[in-house]
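Biologist: I'm new to this, so could you walk me through the model? Let's take it one question at a time.

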Amino acid sequence: MAGVPQISEFGKILIFLITGIIMVGFTFFITRLIAPNKPNPEKLTSYECGEEPTGNAWLPFNTRFYVIALVFLLFDVEMVFIFPWAIVFGSHTLNEADPRWSVLSLIEMFVFLGILILGLAYVWVKGDLNWIKPDPIRPISGTNIPSTLYDKLNEEQSAYKVKAFTVEQSVSETVQNDAATATAPPVRKPMFKPTFKKSGNE
């Protein structure tokens, strides 16, 4: 007569969990006893990528970090589904029993990878993978301005020359500016005061 197992499968999992919690707690306890405790301001500061924290932590955060993280998680987690496919596709037992298993699994994997590639192409075309320099969008107006007019304007702007600076010229210009400001009338404040009338219903 076969003996009845004293511990079920769930009991074994519970023993593993209790053992893991005890081992972690024991490790923290030994570290607390052995490790030296000498705090200083440098040890108590927050650490991130070797950079010294400055300013307030409540700063505007670029949303592109979230987009890149979501795209990474999408394509990283979906790769987990390749493992069952590889098991079915590489199983000699299933292939010997029915050769259609390998063909079916191969077609399913091509469909799955095709959907992933379409999603990646959509994200790429939408511009969510551009990090530093997004593609410039040229505005389109309804007016038809000839390109010769732009060329003429560029030529006029390029023909501009900076005048040579001399001390006598700068002094004479400052004197003229002082005289112009001295003769200018003072700016007067508005002489009216706005008032708001209530409607008759109130």
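Modeller: Let's start with a term: a nonpolar core is a set of buried Ala, Val, Leu, Ile, Met, Phe, Trp, Tyr and Cys residues joined through side-chain atoms within 4.5 Å. Buried means under 20% relative accessible area, exposed over 50%, and partly exposed in between (1.4 Å probe, protein chains only). This is a predicted model, where local features need pLDDT of at least 70, side-chain atom pairs count only at pLDDT 80 or more, and totals for chains, interfaces and linings use all residues. Residues are numbered from 1 along each chain as its sequence is written, and side-chain values use heavy atoms, with hydrogens and water left out.

Biologist: Okay, what elements does the chain have?

Modeller: Helices (H or I, at least four residues) and strands (E, at least two) are DSSP runs, numbered from the N terminus. Read from that end, the elements go α-α-α-α-α-α-α-α. That gives zero strands and eight helices.

Biologist: How much of the chain is buried?

Modeller: The chain has 202 residues. Of these, the buried share is 5%.

Biologist: Which helix gives the most to the largest nonpolar core?

Modeller: That core has six residues: Val 71, Phe 75, Met 109, Phe 112, Leu 116 and Val 123. At least two come from each of helix H3 (64-78) and helix H6 (100-126). With four residues, the top contributor is H6.

Biologist: Are H3 and H6 roughly parallel or roughly antiparallel?

Modeller: Their axes (lines fitted to C-alpha atoms, for helices over the stretch in contact) are compared by N-to-C direction, with angles from 0 to 180 degrees. The two axes come within 11 Å and cross at roughly 170°. Under 35 degrees counts as roughly parallel, over 145 as roughly antiparallel, 65 to 115 as roughly perpendicular, and the rest as oblique. So H3 and H6 are roughly antiparallel.

Biologist: How many residues of the contact of H3 with H6 are nonpolar?

Modeller: Contact means heavy atoms within 4.5 Å. H3 brings Val 71, Phe 75 and Glu 78, while H6 brings Phe 112, Leu 116, Gly 119, Leu 120 and Val 123. Ala, Val, Leu, Ile, Met, Phe, Trp, Tyr, Cys and Pro count as nonpolar, Asp, Glu, Lys and Arg as charged, and the others, Gly among them, as polar. One residue here is charged, one is polar, and the nonpolar ones number six.

Biologist: Which residues does Ser 105 touch, not counting residues up to four places away in sequence?

Modeller: Ser 105 belongs to helix H6. Its relative accessible area is 5%, so Ser 105 is buried. With those neighbours set aside, Ser 105 touches Trp 85, Val 88 and Phe 89.

Biologist: And where is Ser 91 found?

Modeller: Ser 91 has 18% relative accessibility, so this serine counts as buried too. C-alpha to C-alpha, Ser 91 is 8.5 Å from Ser 102, and 11 residues separate the pair in sequence. Ser 91 is found in the loop between helix H4 (82-89) and helix H5 (92-97).

Biologist: Last one: which side chains meet in a salt bridge?

Modeller: A salt bridge is a side-chain nitrogen of Lys or Arg within 4 Å of a carboxyl oxygen of Asp or Glu, and the count by this rule is one. One partner is partly exposed at 22% relative accessible area, and the other is exposed at 62%. With N to O at 3.0 Å, the side chains are those of Asp 98 and Arg 100.
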